Amino acid sequence: MHIDEKVVDHIAHLARLEFSGEGKKAIQIDMERIITFMDKLSEVDTTGVEPLIFMSDEVNVLREDIAVDSLTHEEALKNAPKRDSDYFRIPKVLSKGNF
Amino acid sequence: MYKNFAEVKSALTSGVSVLEITESYLKRIEEYKNLNAFLEVFTDSVRENALRVDEKIKAGNAGRLAGMVIGVKDNICYKGHKVSASSKILEGFESLYTATALERLLNEDAIVIGRLNCDEFAMGSSNENSAFGPVRNPLNTNTVPGGSSGGSAAAVAANLCTISLGSDTGGSIRQPASFTGTYGIKPTYGRISRYGLIAYASSFDQIGAFTNTLEDNALVTEIMSGKDPMDSTSTSREVGSFALTPTDEKKRIAYIQEAYEMEGMQPEVKERMDEVIATLKADGHIVEPVSFPYLDYMVPTYYVLSTAEASSNLSRFDGVHYGYRAKNAVGVEATYKKSRSEGFGPEVQRRIMAGTFVLSNEFYEAYYSKGQKVRRVLQTKTKAIFADFDFVLTPTTPATAFELNAVNDPIQMYLQDIFTVHANLTGNPAISLPYGKSNDGMPFGLQLMSAPFTEKALYDFSAYLETKFQLN
């Protein structure tokens, strides 16, 4: 299957990745080869076959809804690249210049 | 030097302390630094834990694994210690909890000496995709140890720890075990909890062990197995004992005709396979070829489904909640995109892109849905084989370890999994046993696969094979 630049841009956006220049060219070629490799599947007759979705043979794994302490607030924030005492922090979304 | 847990235990009996055993491993790790097997050695905590286990031994209340020093693949969480999946995107990340599989070993007084290099997010077959450099095969440092659990295989093969943990999504334990002459198992899907394993492809991933003896492999697998409330896919079936009881019961063994006839197999691998088949027959077992005409479809099916799951699992790495954040990004979307593009290596990005493609609206039916249907076909056909046979026998890999930088084409690299990926697609357990050496002295493995949740039978038959062939 042919993968053009438009497809690469669309998929990259969905995947929240960005490619430019040589990198974009390279991923386009790699994707085309990988998708072509995957195309092999179309040769297998799957008429009337149900998709296999769950690998576990456990059924209805249910439990009571009991509140337990797992991570503390502090632990959950511990590995954040930027935080304050209560929240994850992200770079500014709006700056004065936008308005 | 301690090659296995039996040697550790005999040292303990003769009065050597766990701390002394640990120091000897630490020294050896330093001597074998060139292998790049360890990303970090937990020098302080391992000594503290060694002392604690020594106290317990003195008090007479030590667990079954007292004295065992383990290395852990860098995608298995150990509370209070760093874990990175060999990726820049997890820069500085410290585990907030311990994986259940590891916790169970620690509860029996095993101690952790460090975290082991691997392919980034367990994606690779040579350990060359690590953000922290490749691992070298201790048996020939010009060659790769296999992947993705390359550090785990190299560390056990070089006796840098008693056993190690790895994870196997398409062959990531068995292929490196084959390349390093170690024992490696991928247990049945659901046998061992995945809680605390950094997810790559959740319907394929399983934690498993690398060891230098079959006995050690059975022991730690037994301890790690069983229901875990934190992983709803873990089985509630009873575990029982995996202790080896070799039997001379006659078994029915199938070998896959298409795998047996595959072109490009290294001659020594094929010869040894013939030898094993002939000896088993002579010993009264039923050994027959079965046709399984799906060899060419298994790796593509695996890549459709595993990349789809990876693209979903790896969406959590966003540069906001933990790990690496790109400098100077403005706004949320740019933070996501730049952090991910700078933080993930090329193979991980390739798989996220392929996975996002097969899950995208237009192509979902033709690829992802189709892949799930082919997976059903494979599972049904595999069940049919196990209705007539106890084991399926194949080489683990078509050849011995290749040289560093020798395989540059992604598709060629994916084909490393040709014999191993079957067990992950269908959920069966499979073990790689060291069973031969090429003319240049490099090892290769024999793979035995059995029906789901028959690890005990797999170990017992492996034990019989060992008495028969003196595999190691």
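A residue is called buried here when its relative accessible area is under 20%, and in this predicted model both Phe317(B) and Phe344(B) meet that condition, each being buried. These two residues offer a convenient way into the structure, since their rings form an edge-to-face aromatic pair with centres 6.2 Å apart and planes at 85 degrees. Phe317(B) lies in the loop between H10 and helix H11 (331-343) of chain B, while Phe344(B) lies in the loop between H11 and helix H12 (346-359), so the pair ties together parts that are 27 residues apart in sequence. The pair also belongs to a wider arrangement, in which ring pairs link Phe93(B), Phe121(B), Phe317(B), Tyr322(B) and Phe344(B) into a cluster. Over all chains, the count of aromatic pairs comes to 23.

Phe121(B) leads from this cluster to the nonpolar interior. In soluble globular proteins, nonpolar side chains tend to be buried together. The largest nonpolar core of the model holds 106 residues, and within that core Phe121(B), Met353(B) and Phe357(B) touch the most other members. Helix H10 of chain B, covering residues 295-313, gives this core its largest share, 10 residues. A second core, separate from the largest one, has 56 residues, among them Leu35(B), Tyr78(B), Leu102(B) and Ala153(B).

H10(B) itself is mostly covered, with 17 of its 19 residues buried. For the geometry of this helix, a rise of 1.5 Å a residue leads one to expect a span of 27 Å from its 19 residues, and the end C-alpha atoms are indeed 27 Å apart, so expectation and model agree. H11(B) passes the corresponding check, because its 13 residues should span 18 Å and its end C-alpha atoms are 18 Å apart. The buried residues of H11(B) include Gly331(B), Thr335(B), Lys337(B) and Arg340(B), and the cover over the buried residues of this helix includes H1 of chain A as well as H12 of chain B.

That cover from H1 of chain A brings in the contact between the two chains. Met353(B), once its neighbours within four places in sequence are set aside, is in contact with a series of chain A residues, including Val8(A), Ile11(A), Leu17(A), Phe19(A), Ile27(A) and Met31(A). The size of an interface is often given as the accessible area lost when the parts come together. Chain A and chain B bury about 5,500 Å² between them, of which 68% is on carbon and sulfur atoms, and the contact takes 52 residues from chain A and 71 residues from chain B. Of the area that chain A buries against chain B, Phe37(A), Leu41(A) and Met55(A) supply 14%, more than any other three residues.

Phe37(A) is also one of the buried residues of H2(A), together with others that include Ile27(A), Met31(A), Ile34(A) and Met38(A). What covers the buried residues of this helix comes from both chains, and includes H1 of chain A along with H10, H12, helix H13 (364-388) and helix H14 (410-414) of chain B. The 18 residues of H2(A) should span 26 Å at 1.5 Å a residue, which agrees with the 26 Å between its end C-alpha atoms.

Some local features of the backbone deserve separate attention. Most residues other than glycine have a negative phi, and most peptide bonds are trans. Arg16(A), which is not a glycine, nevertheless has a positive phi of about 50 degrees; Arg16(A) is found in the loop between helix H1 (5-14) and helix H2 (21-38) of chain A, and its relative accessible area of 28% makes it partly exposed. Asn36(B) likewise has a positive phi, near 60 degrees, and is found in the loop between helix H2 (18-31) and strand S1 (38-41) of chain B, where a relative accessibility of 23% means that Asn36(B) counts as partly exposed. A cis peptide bond, with omega about 10 degrees, joins Gly147(B) and Ser148(B), and Ser148(B) has its place in the loop between strand S3 (111-116) and helix H5 (150-157) of chain B.

Charged side chains placed over aromatic rings complete the account. The charged end of Arg375(B) sits over the ring of Phe204(B), 4.0 Å from its centre, and Lys270(B) lies over the face of Tyr260(B), at 4.3 Å from the ring centre.

Definitions and conventions. Residues numbered from 1 in each chain as written. Chains lettered and ligands numbered in written order. Predicted model: local features only at pLDDT ≥ 70, side-chain atom pairs only at ≥ 80, totals over all residues. Heavy atoms only, no water. Core = buried A, V, L, I, M, F, W, Y, C linked by side-chain atoms within 4.5 Å. Buried < 20%, exposed > 50% of the residue type's maximum accessible area, 1.4 Å probe, protein only. Helix = DSSP H or I, 4+ residues; strand = E, 2+ residues; numbered from the N terminus. Contact = heavy atoms within 4.5 Å. Expected span 1.5 Å × (residues − 1). Phe/Tyr/Trp six-rings, centres within 6.5 Å; stacked < 30°, edge-to-face > 60°. Lys NZ or Arg CZ within 6 Å of the ring centre and 35° of its normal. Buried area = accessible area lost by both parts, 1.4 Å probe.
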